Protein chains: 2
Amino acid sequence: MVRTALAPWERERGERFGSLLRQARGSRSMAEVAAAAGVSAETLRKIETGRAPTPAFFTIAALATALHVSLDELVAACAHNPDWQEPALSA
Amino acid sequence: MVRTALAPWERERGERFGSLLRQARGSRSMAEVAAAAGVSAETLRKIETGRAPTPAFFTIAALATALHVSLDELVAACAHNPDWQEPALSA
DNA sequence: CATGACCGTGATACTAATACCGGTATAAGT
DNA sequence: ACTTATACCGGTATTAGTATCACGGTCATG
């Protein structure tokens, strides 16, 4: 039928994820990292600020490579918030 | 301006990626794995068959968890084709 | 002052996620 | 033999969301 709208917890997860990427970026500029990953700076900004909470897999994979971080670790760190686990169970 | 259409190499990469997921699934049914990952079976089918070549990151993360595979390994295996590296450089 | 970095926004076109359909193939049961 | 159940396939339709470009604005620095 129809694609369902993102749940609030999905948006929050996206915001947390974005924050992790922001931290991983450190003092490097957004434009530089975006270019290294082969995506636009606006895209990176939207992801970091949580305005694109569910980015594409390969976009994130490219960013992880540019940032020298592991995808598995990113996911684990993102899931770490204990408050997040409750809505996931009921969803 | 506008989001550009997927390049052929992106579609091919998606197909390769889907094949990797198909292998990782082994003899388990599509419906079972999809349910374990919290996505629809149609979604998993589209990803495996390459009809959704750029799935969302968290969709893949959930699938990787259900399949007990590492995201980093998936990405590495997907990037392994030497033919794929040339278009990426020109893109 | 100029410059670089970042921010949010608007607009666009494309894509994914979901559900359903009819079809095929296989295996088991009657 | 036929029927039923299961799994998968490509196709269609709908909708929400993303990736991208471009813009004007703020802020910090030299």
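Around DNA strand C, the surface residues split into 13 nonpolar, 7 polar and 6 charged. Here Ala, Val, Leu, Ile, Met, Phe, Trp, Tyr, Cys and Pro count as nonpolar, Asp, Glu, Lys and Arg as charged, and the others, Gly among them, as polar. This is a predicted model, in which local features need pLDDT of at least 70 and side-chain atom pairs count only at pLDDT 80 or more, while totals for chains, interfaces and linings use all residues. Residues are numbered from 1 along each chain as its sequence is written, with chains lettered from A and ligands numbered from 1 in the order in which they are written.

Both chains turn up at strand C: of the 26 residues around it, A:Arg3, A:Met30, B:Leu6, B:Thr43 and B:Ala56 come nearest. A residue is taken as near a molecule or strand if its C-beta atom, placed from the backbone, lies within 6 Å of it. The elements giving two or more residues to this surface are helix H2 (30–37) and helix H3 (41–48) of chain A, plus helix H3 (41–48) of chain B. H3(B) gives the most, with 4 residues. Helices (H or I, at least four residues) and strands (E, at least two) are DSSP runs, numbered from the N terminus.

Now for DNA strand D. It has 27 residues around it, and the closest are A:Leu6, A:Thr43, A:Ala56, B:Arg3 and B:Met30. Two or more residues each come from H3 of chain A and from helix H2 (30–37) and H3 of chain B. For strand D it is H3(A) that gives the most, again with 4 residues. The residues near strand D divide into 13 nonpolar, 7 polar and 7 charged.

The protein chains also meet each other, with 11 residues of chain B in contact with 11 residues of chain A; contact means C-beta atoms, placed from the backbone, within 7 Å. On the chain B side, helix H4 (57–67) and helix H5 (71–78) are the elements that give two or more residues. H4(B) supplies the largest share of that side, 4 residues. By type, the chain B side comes to 8 nonpolar, 2 polar and 1 charged.

As for chain A itself, there are 6 helices and 0 strands, so to speak an α-α-α-α-α-α pattern along the sequence. Of its 91 residues, 29% count as buried, that is, with 20 or more other C-beta atoms, placed from the backbone, within 10 Å of their own. Among chain A contacts between residues at least 6 apart in sequence, 68% join residues at least 24 apart.

Conventions. Two residues are in contact if their C-beta atoms, placed from the backbone, lie within 7 Å. A residue is buried if 20 or more other C-beta atoms lie within 10 Å of its own, exposed if 12 or fewer, and partly exposed in between; C-beta atoms are placed from the backbone.
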